[in-house]
Amino acid sequence: MKNMLTIISNALCRITGRNVGTRAVVSRSFADFTSQATFDIKKCDVHRLEEGPPLKAELTREQGLRYYRIMQTVRRMELKADQLYKQKIIRGFCHLYDGQEACAVGIEAAINPSDHLITAYRAHGYTYTRGIAVKEILAELTGRRGGVAKGKGGSMHMYAPHFYGGNGIVGAQVPLGAGIALACQYQGNNQVCVALYGDGAANQGQLFESFNMAALWKLPCIFTCENNQYGMGTSVERASASTDYYKRGDFIPGIRVDGMDVLCVREAFKFAAEHCRSGKGPIVMELKTYRYHGHSMSDPGVSYRTREEIQEVRSKSDPITMLKERMLSNNMASVEEFKEIDIAIRKEVEEAAQYATSDPEPPLEELCNHIFSNDSPLEVRGTNPWARLKSVS
């Protein structure tokens, strides 16, 4: 038996070019793993709906590994952004998404790439899930020419196909999202728009105006409040007389979802997307989630909440750990597989950071490029950005 193991090991060495040793022989093949499992998920709170999303979710091994890889990539990318900011390589505003990864991944798993998405300034995660490479995101954060917006957008202003970026004005993306949904309805393309905002923006008047118009016109818009418990440094209880954000549409149906569970988010948004596509009009979603960093990099995040609170969420509700433990306990993957994925992601993020710190800055002559979609300057009230204005007073 020992000789046979040696023969197989040597054959594997020749095939892979690595000294895998006899341990490779006892490693598990894909056939050893459970290919699909069904999980119980938390019941959602519903408003003006006779029934809500299902209480069970199916997960294939392939889906689980993909969700894990995306969430872990976003986590590592944000931790690298934190490091680069503290080194003063990233400057200005920088709002990180770590802790909220299940929201982005669950939503993307439920809708189509042709559907539309617009968010606030905590936009790095969605920029990645919409197809932009890590190195282009980090290069944008460092203001380099190879960034997704050519180094001129920064943390808040990144874009991708069917992704309309972040918005620096609190709540301003919501009426824009309603407008995108109006375009979908007008074009009859069966697409929906997910308009995301935080609990800190939930009291903005323009949200309620958007709700009203969307309800009147039955727009296919999924209004989504990522409730991470704090608007800047103010807890939801201190900022809102009612913290039931999923009921804020009043006449619009709403759902409150566990935003730390990627499967719960996915099933809820499948339900919401079908609601919109069927012509029933908009729906308001509330994702109960949590951010590990402060509001922005200038906020240490522990002056209005305790380190113990953050650690408790990390230990009990971390979205990545939750998915990993589900898969391990149901024989859908091995510890070694997750380690290999983690190593590959760390390598990808490190290489992206190298690119983001070595790529040149955009030249000064490009400062006024990419402002207009047409070639010539657009005149507004008889002037343009390049005109030298003179006082006539």
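A polar contact is a pair of N or O atoms within 3.5 Å. The exercises below concern a predicted model.

**Exercise 1. Examine the surroundings of Arg122: where does this residue lie, is it buried or exposed, and which residues does it touch?**

Solution.

Step 1. Locate the residue. Arg122 belongs to the loop that runs between S4 and helix H4 (124–129).

Step 2. Look for a partner of opposite charge. Arg122 is buried but takes part in no salt bridge. The nearest side chain of opposite charge belongs to Glu226, 6.8 Å away. A salt bridge requires the nitrogen and the carboxyl oxygen to be within 4 Å.

Step 3. Look for a polar partner instead. A polar atom of the Arg122 side chain lies 2.9 Å from the backbone oxygen of Leu96.

Step 4. List the neighbours. Leaving aside residues up to four places away in sequence, Arg122 touches His95, Leu96, Tyr97, Gln100, Asn228, Arg291, Gly294 and His295.

**Exercise 2. Describe the sheet: in what order do its strands stand, which are the edge strands, and which helices pack on it or lie across its strands?**

Solution.

Step 1. Establish the order. The open sheet consists of 6 strands, arranged S2-S9-S10-S6-S5-S4, and its pairing is mixed.

Step 2. Identify the edges. Strand S2 (45–47) and strand S4 (116–118) each pair on one side only, and these are the edge strands. From one strand to the next, the twist averages 20 degrees.

Step 3. Add the helices. Helix H6 (residues 173–187) packs on the sheet and touches S4, strand S5 (193–198) and strand S6 (221–227). The direction of H6 makes about 175 degrees with that of S5. Helix H7 (residues 205–217) lies across S5, S6 and strand S10 (283–288), and runs at about 150 degrees to S6.

Step 4. Consider one pair of strands. Strands of a sheet pair through backbone hydrogen bonds, either parallel or antiparallel. Here S2 and strand S9 (residues 254–258) pair in the antiparallel sense, over 3 bridges. Within this pair, Asp45 stands opposite Arg256 in S9.

**Exercise 3. Analyse the salt bridge between Asp45 and Arg256: how far apart are the closest N and O atoms, and which residues share the network?**

Solution.

Step 1. Set the context. The whole structure contains 18 salt bridges.

Step 2. Give the distance. In the salt bridge of Asp45 with Arg256, the closest N and O atoms are 3.0 Å apart. The two residues stand 211 residues apart in the chain, Asp45 in strand S2 and Arg256 in strand S9, and the pair thus links distant parts of the chain.

Step 3. Classify the accessibility of each partner. Asp45 counts as partly exposed because its relative accessibility is 34%. Arg256 has a relative accessible area of 18% and is therefore buried.

Step 4. Extend the view. Salt bridges that share partners join Asp45, Asp244, Lys247, Arg256 and Glu286 into one network.

**Exercise 4. Study two salt bridges within helices: how many residues separate the partners in each?**

Solution.

Step 1. Take Lys270 and Glu267, whose side chains meet in a salt bridge at 3.7 Å, N to O. Both residues lie in helix H9 (residues 262–277); because they are 3 residues apart, about one helical turn separates them. Lys270 is partly exposed at 39% relative accessibility, whereas Glu267 is buried at 10%.

Step 2. Take Glu351 and Lys347, whose side chains form a salt bridge at 2.7 Å, N to O. These residues are 4 apart in helix H12 (residues 335–358), about one turn of the helix. Glu351 is partly exposed at 47% relative accessibility, and Lys347, with a relative accessible area of 52%, is exposed.

Notes
Residues are numbered from 1 along each chain as its sequence is written. This is a predicted model: local features need pLDDT of at least 70, side-chain atom pairs count only at pLDDT 80 or more; totals for chains, interfaces and linings use all residues. Side-chain values use heavy atoms; hydrogens and water are left out. Two strands pair if DSSP finds at least two bridges between them. Axes are lines fitted to C-alpha atoms, for helices over the stretch in contact, and angles run from 0 to 180 degrees between N-to-C directions. Contact means heavy atoms within 4.5 Å. Buried means under 20% relative accessible area, exposed over 50%, partly exposed in between (1.4 Å probe, protein chains only). Lys and Arg count as positive and Asp and Glu as negative; His and the chain ends are not counted. A polar contact is a pair of N or O atoms within 3.5 Å; within protein, one must be able to donate a hydrogen and the other to accept it, and residues adjacent in sequence count only if both atoms are side-chain atoms.
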